[in-house]
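Visitor: Could you take me through the packing inside this model, with a close look at one part of it and how that part is put together?

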Amino acid sequence: MIVIAVAGLVNDAQAEKSREPTHSDLDFYVGRAGLTATDPRVQGQTVGKAKRVRAVLSAALESAPDKGEVLVASLVALVRAKGGFRRGSPNYAGEEAIADAVDAFRSEGFILADDGDLRPASLDTLSGAKLTEALAAYVRRARRGSEDAALLVGTGKDLLEATAAHVIDERYGHYPQQANFPTLLGQAFLALDLSIPQGAPPAGEPPQKRLERALYEAGCAVNGLRNKQGTGHGRPWLPTVGEHEARAAIQLIGIVASFLLAAHKSKL
């Protein structure tokens, strides 16, 4: 959705005259994102701006999502700087294109304001179904290994902690704000009738219960790798955590959080 929406913001096929940003602008920002090799113009094709952006971002979605995210943010900022979000500007992207972009970014946990300001959704202001939707968007990003999904901007919680707190709040109407992470995650699991390590497993239990306990342990292990002295910005991992370990940890966060949200949904 975001690929299509961002391409729509630069599309001037129906305009009376060409709007900025120009192809030259796109040259610069595609190159800065490290995606020149996927650019159809570099490959000798004659394409419009919308088709060009769509092709580059589609390729990035498959092979380099982090670079694609850099380019998306750059293009939105570029359109904004050129007056693309301002009615009356010769470069105005159009009401429909902007509305499509607002909806697309919302589905991925971002707020795109009418003036083009783009920022992550602040979970502290959401509740109920809207919070579930925002968490699910971060989960999708975490499962792709996107590091910015591991520690939520605008909150003091990481993604898994925020998900556990949301599940407990939804089930009981409140959650223990002072509880440590293992306790909070354990309460979320128990609220959903999921197993956590408590003594010896009973004889003949379903194999799914072993998986549930393993996911709980994985969540606690990942939480132990966090840099809890940080401020919520920058790298959220301890200095001793390698890049491959951080990526695996991010994906595990996404898996465990996704498991909790799915279990919660099945019991509504």
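**The nonpolar cores and a helix pair**

Guide: In this predicted model, the largest nonpolar core has 37 residues, and those with the most contacts inside it are Leu 160, Leu 185, Phe 189 and Trp 237. Two or more residues of this core come from each of helix 6 (128–143), helix 7 (159–172), helix 8 (181–191), helix 9 (207–223) and helix 10 (243–266), and it is helix 10 that gives the most, with nine residues. To look closely at Phe 189, and leaving aside its neighbours within four places in sequence, this residue is in contact with Leu 194, Ser 195, Ile 196, Glu 212, Leu 215, Tyr 216, Val 256 and Leu 260.

A second, separate core has 35 residues, and Val 3, Leu 75, Leu 78 and Val 102 are among them. Leu 75 and Leu 78 also appear in the contact between two helices, where Asp 25, Leu 26, Tyr 29, Val 30 and Arg 32 in helix 2 meet Leu 71, Ser 74, Leu 75 and Leu 78 in helix 4. By class, this contact of helix 2 with helix 4 has six nonpolar, one polar and two charged residues.

As for the geometry of the pair, the axes of helix 2 (residues 23–32) and helix 4 (residues 65–81) come within 9 Å and cross at roughly 150°. Since angles over 145 degrees count as roughly antiparallel, helix 2 and helix 4 are therefore roughly antiparallel to each other, and their crossing is right-handed.

Key:
Residues are numbered from 1 along each chain as its sequence is written. This is a predicted model: local features need pLDDT of at least 70, side-chain atom pairs count only at pLDDT 80 or more; totals for chains, interfaces and linings use all residues. Side-chain values use heavy atoms; hydrogens and water are left out. Axes are lines fitted to C-alpha atoms, for helices over the stretch in contact, and angles run from 0 to 180 degrees between N-to-C directions. Helices (H or I, at least four residues) and strands (E, at least two) are DSSP runs, numbered from the N terminus. Angles under 35 degrees count as roughly parallel, over 145 as roughly antiparallel, 65 to 115 as roughly perpendicular and the rest as oblique. A crossing is left-handed if the near helix is turned anticlockwise from the far one by less than a right angle, and right-handed if clockwise. Contact means heavy atoms within 4.5 Å. Ala, Val, Leu, Ile, Met, Phe, Trp, Tyr, Cys and Pro count as nonpolar, Asp, Glu, Lys and Arg as charged, and the others, Gly among them, as polar. A nonpolar core is a set of buried Ala, Val, Leu, Ile, Met, Phe, Trp, Tyr and Cys residues joined through side-chain atoms within 4.5 Å. Buried means under 20% relative accessible area, exposed over 50%, partly exposed in between (1.4 Å probe, protein chains only).
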